[in-house]
Amino acid sequence: MGDKPITMISNESNEETKEPTTLEKEEDIEALAEPPDWLPDGWIIEVYRTEDGTIIRYYTSPISNYTFTTKSEVLEYLFSRTDERMLESKERGAKNTLQRQHEWLPKGWVMEIRAAGEKTDKMYKFYVHSITGVRLLSKQDVLLYINEANVSGCNTNGQCDTSSEDNILAKVDFRPSGLPEGWIKEIVYRKTKEGLTRRDPYYTDPASSYTFRTLKSALSFLETGKVSKHAFIQRTSVHDLYSFEICANMHESLRNRLMVNEKTY
């Protein structure tokens with residue numbers, strides 16, 4: 001194994017953020033870890049010395065956590081404006097009503113929307129822990145479960161059946177893996193002619209309002225700014241659809257998901 005790295009963070013004063021590790025020719029390694037003039041403030045530099053004496057540098061963006069090994073890679077990344085798009089997504093997401101309403105919801109929990117009512121004219125909102133499957137009805141119930149491991153019942157007075165997935169309309173993740181803060185991942189449930197249930201993912205950028213059909217196309221947009229041909233802006237945004245309390249009247253665009261068809265919105 002090689003020696004431990006020297007880690008430096010680029011800033012105006014070029015101050016070290018960690019005590020230097022013990023290395024042979026320690027002063028030379030520290031000099032190599034000094035942030036170059038072309039590197040923006042805040043970027044992290046790690047310098048490794050391998051067993052054969054080769055020096056390896058890693059440059060990490062403080063915004064995306066993407067890591068590069070050469071100056072050309074860093075400059076290409078900077079010219080792509082990926083960090084700017086990620087910051088804009090985070091700022092716009094913080095202003096959205098739906099996001100503000102669910103800032104308290106921990107990572108690993110998703111919002112589940114189900115059809116309800118005798119005439120399927122209502123929709124209920126639940127919070128589901130992705131790993132354990134625990135389903136709760138309110139913010140208070142979720143916090144009670146997290147703090148005291150106390151599971152409250154999901155009493156809807158018989159209005160909403162949670163015994164199967166037949167009436168699920170969508171699951172919404174406010175902290176999707178691999179995407180900046182502010183993005184929303186929506187899994188849309190639809191019936192097929194074969195009697196099965198399709199689960200279609202949608203990724204929505206709060207800054208541009210574009211919705212992408214795959215994580216790959218969402219990441220490509222962040223890295224290049226190019227909108228894929230399958231991206232679109234929803235007629236009724238994910239924020240408008242789900243900004244309600246425990247129960248609300250069924251939105252017409254959600255009612256269509258219960259019908260047997262293969263159309264997408």
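This is a short tour of a predicted model, one selection at a time.

**Stop 1: the whole chain**

Start with the protein chain in cartoon view. You should be able to pick out eight helices and twelve strands. Now colour by burial: of the 265 residues, 40% are buried. If you like contact maps, take the contacts between residues at least 6 apart in sequence; 50% of those join residues at least 24 apart.

**Stop 2: the largest pocket**

Next, select K90, L179, P180, E181 and G182 and centre the view there. Of the 22 residues lining the largest pocket, these are the closest to its centre. The volume of this pocket comes to about 530 Å³.

Which helix gives the most to the lining? Select residues 82-95. That is helix α3, and five of its residues belong to the lining of the largest pocket.

Now colour the lining by residue type. You'll get nine nonpolar, eight polar and five charged residues. Then switch to colouring by domain, with domain 1 as 29-95 and domain 2 as 109-258: each of the two supplies at least three residues to the lining.

**Stop 3: helix α5**

Move on to residues 139-148, which make up helix α5, and show side chains for D141, V142 and Y145, its buried residues. Look down the axis: these residues sit on the same side of α5, because they cover an arc of only 100° around it. Spin round to the other side of α5 and add Q140, N147 and E148, which are exposed.

What do the buried residues of α5 pack against? Select 109-116, 122-129 and 135-136 to see. Those are strands β5, β6 and β7, and the buried residues of α5 pack against them.

Before leaving, click on A149, just after α5, and check its backbone: phi is positive there, about 55°.

**Stop 4: helix α6**

Last selection: residues 215-224, helix α6. Are S217, A218, F221 and L222 buried or exposed? They are the buried residues of this helix. Try the view down the axis again. The buried residues of α6 fall within an arc of 140°, so they line one face of the helix.

Finish one step along the chain at G225, which follows α6. Its phi is positive too, near 80°. With A149 still selected, you can look at both spots together: A149 comes just after α5, and G225 follows α6.

Notes
Residues numbered from 1 in each chain as written. Predicted model: local features only at pLDDT ≥ 70, side-chain atom pairs only at ≥ 80, totals over all residues. Heavy atoms only, no water. 1 Å grid on protein atoms, 1.4 Å probe; cavity = no way out; pocket = protein on both sides within 12 Å on 5 of 7 lines; lining within 4 Å. Points joined across faces, edges and corners; volume = space filled by probe spheres on them. Helix = DSSP H or I, 4+ residues; strand = E, 2+ residues; numbered from the N terminus. Nonpolar A, V, L, I, M, F, W, Y, C, P; charged D, E, K, R; others polar. Domains from an automatic or database assignment. Buried < 20%, exposed > 50% of the residue type's maximum accessible area, 1.4 Å probe, protein only. Arc of directions from axis to C-beta. Contact = heavy atoms within 4.5 Å.
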